Amino acid sequence: MSGSEMSEDEERPCPSDLTGGATAKARNCCFNAAVSGGVSGGVSGGVGGFHFSPHPDQVLENVLENVLCFLTDRRDRNAASLVSKSWHRAEALTRSEVFIGNCYAVSPGRVTARFERVTSVAIKGKPRFADFSLLPPDWGAHFTPWASVMGDSYRGLEKLYLKRMSISDDDLALLARCFPSFKELVLVCCEGFGTSGLAILARDCRKIRALDLIESDVSDDEVDWISYFPENETCLESLAFDCVECPIDFEALEKLVIRSPSLKRLRLNRFVSITQLYRLMIRAPQLTSLGTGSFGNPTLTDEQDPDYASAFAACKSIVCLSGFREIAPEYLPAIYSVCCNLTSLNFSYGANINTEQFKSVISRCHKLQVLWVFDSVCDEGLEAAAETCKDLREIRVFPIEAREDAEAPVSDVGLLAISEGCRKLKSILYFCQRMTNAAVIAMSKNCPDLVVFRLCIMGRHLPDHVTGEPMDEGFGAIVKNCKKLTRLAVSGLLTDKAFSYIGQYGKLVRTLSVAFAGDSDMALKYVLEGCPKLQKLEIRDCPFGDLSLRSGLHHYYNMRFLWLSSCRVTLQGCQEIACQLPRLVVEVISGEDEERSVSPEHVNTLYMYRSLDGPRADAPSFVQIL
Amino acid sequence: MVGEEENTINKLDFEETELRLGLSCGRKKVHHDNDTTNVNGKRGFVDLKLNISSHDINNKNTQLEFKNNSSLKTQVAKTQVVGWPPVRSSRKNILISQKIIGHQENDKIGNGVLVKVSMDGAPYLRKVDLNMYKSYQELFDALAKMFSSFTIVQGMKDFMNERKLMDLLNSSDYVSTYQDKDGDWMLVGDVPWGMFVDSCKRLRIMKGIEAIGLAPKAMEKCKNRS
């Protein structure tokens, strides 16, 4: 990336902000840029050396830069950049954190051209339905092009957050090679790499503070990556590898924990037994967040069991507990002593814990704010949670049997209890089979702070199990009464009415997920016409066709994406959209011929999104871009 | 991810419910090979042009009927739909993964045949999809590329570039071996490529001197070469 592409900056005289520098922050911004060498800074001269009386415009820009440094929220920054050219420039120079909501909406080159002094990058790739096998593998969202461009332009990069991207071992090697100040890597729902890439990262990123692998697919290259961390003391503060499905060398891990005095967050995978966990915990009593690994498979010896309870008691700072992947429930009482401090508890990776076991824990968790569980705790378990956790902000109840004909042991009863006990609730994800409008309506009234409401009635088209009516009124009440609602996922039997409610009341809704719902095009029309803040819309298996698609033409440029699969849109309908909106990339994905689930004239999957840089070059053969 | 879903359909019942429900249903062929069929059980939507009230009634009635039908699980298995309910596979397979003791040597992804490749002296192994290559030479080229990009920590400083590695692979110092379906270690290159792809479970590139203990045939070839 050469400086000549930064056309906006070429006219600038040598910026005196490098020497002037009103605030420390501004100086650091520029200093980092200059020191990390080779950052394409247009005409940004050397460090120290240029002194001349600044032009009045220059003064304004200096002031602006120094002020804008304090603006952190990206939406505020976006607004600021629209004020004028000089604001745009100043904002671009002072933005250190870049967030790319859709990796294909903009090319890496364009980003590095506009924002020169970036230390933190977040990129999201595949649409969410890819998590549920609705996208063939190799669809895209490759990190490599970003890696190579950033490797040249962002030498000072410290933090990288990727979600649903495909990242290779070579990309990880590049990170290790090109970014000497690299501190934090967070990979959420990513794939494409293996333990060999992790090894390179561990070995070469000397300053790494956080390595967080969350729900990512890591291939087993049979390399002992933990042992690749340097021998001396590390700066590690966070190490999360609970999703890594391969055994690790425990001795190496223990030694690593011993030489990582700053370690606060440790999330072990299921190959770490409870006996091994004990050994780690006594080495790291300073932990604030612990993923316990298997919490089972104890090494059985003739000696007594180690005193697990005291190990937990010694960790006075633990506020966040997860793991329990292969839980041996008889050891659960060991965690009692930390329960009273817990703000976050995640039982949703573990095996069943039953109602009684759960109650014995949850009844001690008075400060709990975040709870993730399996439905094996039953309505009764949820009632217990509702009774104790008055501060609860977020709850997620996952199905232990994720099949649409499973007998889910939680129902409207549990939902109602939660709504009555946890009035401060902001976010809920709830899987069940039996639900009633009454319970949902009650929640809408009891929990006015709800921002996220995601209800998944697993059996398709299931109505209110008491009245037999559609779930329209329940969801209607949610959008009507929860005035802060920004994210909604609907399910169960729903007619167009539900969607008219959403269009009418869901004025702040940004994300909407719909499946097996609605009667006609009107449903989608209501939403597209009624929800001005809508950004992400994902729909599957609904009777929505070209007519409804057309009704969103006025809004698609404001959205991050629209996903429609197994609906009733035709190729022609999609083509029409593509013609009317040239800056929209319209991807049509066809399934294998024999497994086409829709009639031949309907498109299998439509995924469309705005883009500044036109259709992507890396689309696989099964993707057609109109 | 898709493999576990059943798709046995009792055709008669299916059609019956298809007419009465506004359910998504598709024209599924009945697969007879139930255990191994991979199903992308997506189902399209059939427009029944029902008006709302009768739609509701029908739904209520047929939900009950459907539930009754579902209870005859052995005979009438509902077609499972891909990606529904929307739970990520990491959470879905919890109970199953706890029962798995070891992991598979081979992964089959679609038409790919992934095998592990280890090279003596290299710090870790890689995986290759044998279906990506059409000949032994193509495979060796790919392996050379793969292993030469390692910055190998101890020993093996020879592998600084691809060409050197290729030479080494082709020379008598190194022997490429593979483990076949029967668990025997064989010399790579003896059988036609297609047969090799079918039977290869794992690859190992070892120093010639360590090829002692291989099948006599392989040993013989070793001796003859040097």
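Buried, in what follows, means under 20% relative accessible area. With that cut-off in hand, take helix 18 of chain A, residues 472-481, in this predicted model. Its buried residues are Asp472(A), Gly474(A), Phe475(A), Gly476(A), Ala477(A), Ile478(A) and Val479(A). That is 7 of 10 residues, and the helix is mostly covered. What do those buried residues pack against? They pack against helix 17 (437-446), strand 16 (452-457), strand 17 (487-489) and helix 19 of chain A.

Now the chain as a whole. Chain A contains 22 helices and 23 strands. It has 626 residues, and 60% of them are buried. If we take contacts in chain A with a separation of 6 or more, 72% come from residues 24 or more positions apart.

Next, helix packing, starting with helix 19, which we just met. Helix 19 of chain A covers residues 496-505, and helix 20 of chain A covers residues 521-530. Their axes are 8 Å apart, and the packing angle is about 5°. Angles under 35 degrees count as roughly parallel, so helix 19 of chain A is roughly parallel to helix 20 of chain A. From helix 19 of chain A, the contact uses Asp496(A), Phe499(A), Ser500(A), Ile502(A) and Gly503(A). From helix 20 of chain A, the partners are Met522(A), Ala523(A), Tyr526(A), Val527(A) and Gly530(A). Sorted by class, this contact of helix 19 with helix 20 of chain A has 6 nonpolar, 3 polar and 1 charged residues.

The other pair to look at is helix 15 of chain A, residues 378-388, with helix 16 of chain A, residues 412-421. Here the axes come within 8 Å and cross at roughly 0°. Helix 15 of chain A is therefore roughly parallel to helix 16 of chain A. On the helix 15 side of chain A we have Asp379(A), Leu382(A), Glu383(A) and Ala386(A). They meet Val413(A), Gly414(A), Ala417(A), Ile418(A) and Gly421(A) in helix 16 of chain A. The class count for the contact of helix 15 with helix 16 of chain A is 5 nonpolar, 2 polar and 2 charged residues.

On to the aromatics. Counting ring centres within 6.5 Å as a pair, there are 25 aromatic pairs over all chains. One of them is Tyr104(A) with Trp139(A): the ring centres are 5.7 Å apart and the planes are at 80°, so the pair is edge-to-face. Where do the two residues sit? Tyr104(A) is in the loop between strand 1 (97-100) and helix 6 (108-114) of chain A, and Trp139(A) is in the loop between strand 2 (120-124) and helix 7 (144-153) of chain A, so the pair ties together parts 35 residues apart in sequence. Both Tyr104(A) and Trp139(A) are buried.

A second edge-to-face pair is Phe347(A) with Phe358(A), at 6.2 Å centre to centre and 75° between the planes. Phe347(A) lies in the loop between strand 12 (344-346) and helix 14 (355-362) of chain A, while Phe358(A) lies in helix 14 of chain A, so this pair ties together parts 11 residues apart in sequence. Phe347(A) is buried at 4% relative accessible area, and Phe358(A) is buried at 0%.

Back to Tyr104(A) and Trp139(A) for a moment. They belong to one aromatic cluster that also contains Phe129(A), Phe132(A), Phe561(A), Trp563(A), Tyr607(A) and Tyr609(A).

Two arginines sit over rings. The charged end of Arg74(A) is over the ring of Phe99(A), 3.7 Å from its centre. Arg325(A) lies over the face of Tyr349(A), 4.3 Å from the ring centre.

In strand 1 of chain A we also find Glu97(A). Glu97(A) is partly exposed, at 48% relative accessibility. Its C-alpha is 5.8 Å from that of Val118(A), and the two residues are 21 residues apart in sequence.

Last, some backbone points. Which residues other than glycine have a positive phi? One of them is Arg164(A), with phi near 55°. Arg164(A) is in the loop between strand 3 (159-163) and helix 8 (169-178) of chain A, and at 8% relative accessibility it is buried. Ala141(A) is also not a glycine and has a positive phi of about 60°. Ala141(A) lies in the loop between strand 2 and helix 7 of chain A, and at 0% relative accessibility it is buried.

In chain B, a cis peptide bond joins Trp84(B) and Pro85(B), with omega about -5°. Pro85(B) is in the loop between helix 2 (52-71) and helix 3 (89-92) of chain B.

Definitions and conventions. Residues are numbered from 1 along each chain as its sequence is written. Chains are lettered from A and ligands numbered from 1 in the order in which they are written. This is a predicted model: local features need pLDDT of at least 70, side-chain atom pairs count only at pLDDT 80 or more; totals for chains, interfaces and linings use all residues. Side-chain values use heavy atoms; hydrogens and water are left out. Axes are lines fitted to C-alpha atoms, for helices over the stretch in contact, and angles run from 0 to 180 degrees between N-to-C directions. Helices (H or I, at least four residues) and strands (E, at least two) are DSSP runs, numbered from the N terminus. Angles under 35 degrees count as roughly parallel, over 145 as roughly antiparallel, 65 to 115 as roughly perpendicular and the rest as oblique. Contact means heavy atoms within 4.5 Å. Ala, Val, Leu, Ile, Met, Phe, Trp, Tyr, Cys and Pro count as nonpolar, Asp, Glu, Lys and Arg as charged, and the others, Gly among them, as polar. Rings of Phe, Tyr and Trp (its six-membered ring) pair if their centres lie within 6.5 Å; planes under 30 degrees apart count as stacked, over 60 as edge-to-face and the rest as tilted. Buried means under 20% relative accessible area, exposed over 50%, partly exposed in between (1.4 Å probe, protein chains only). A charge sits over a ring if NZ of Lys or CZ of Arg is within 6 Å of the ring centre and within 35 degrees of the ring normal.
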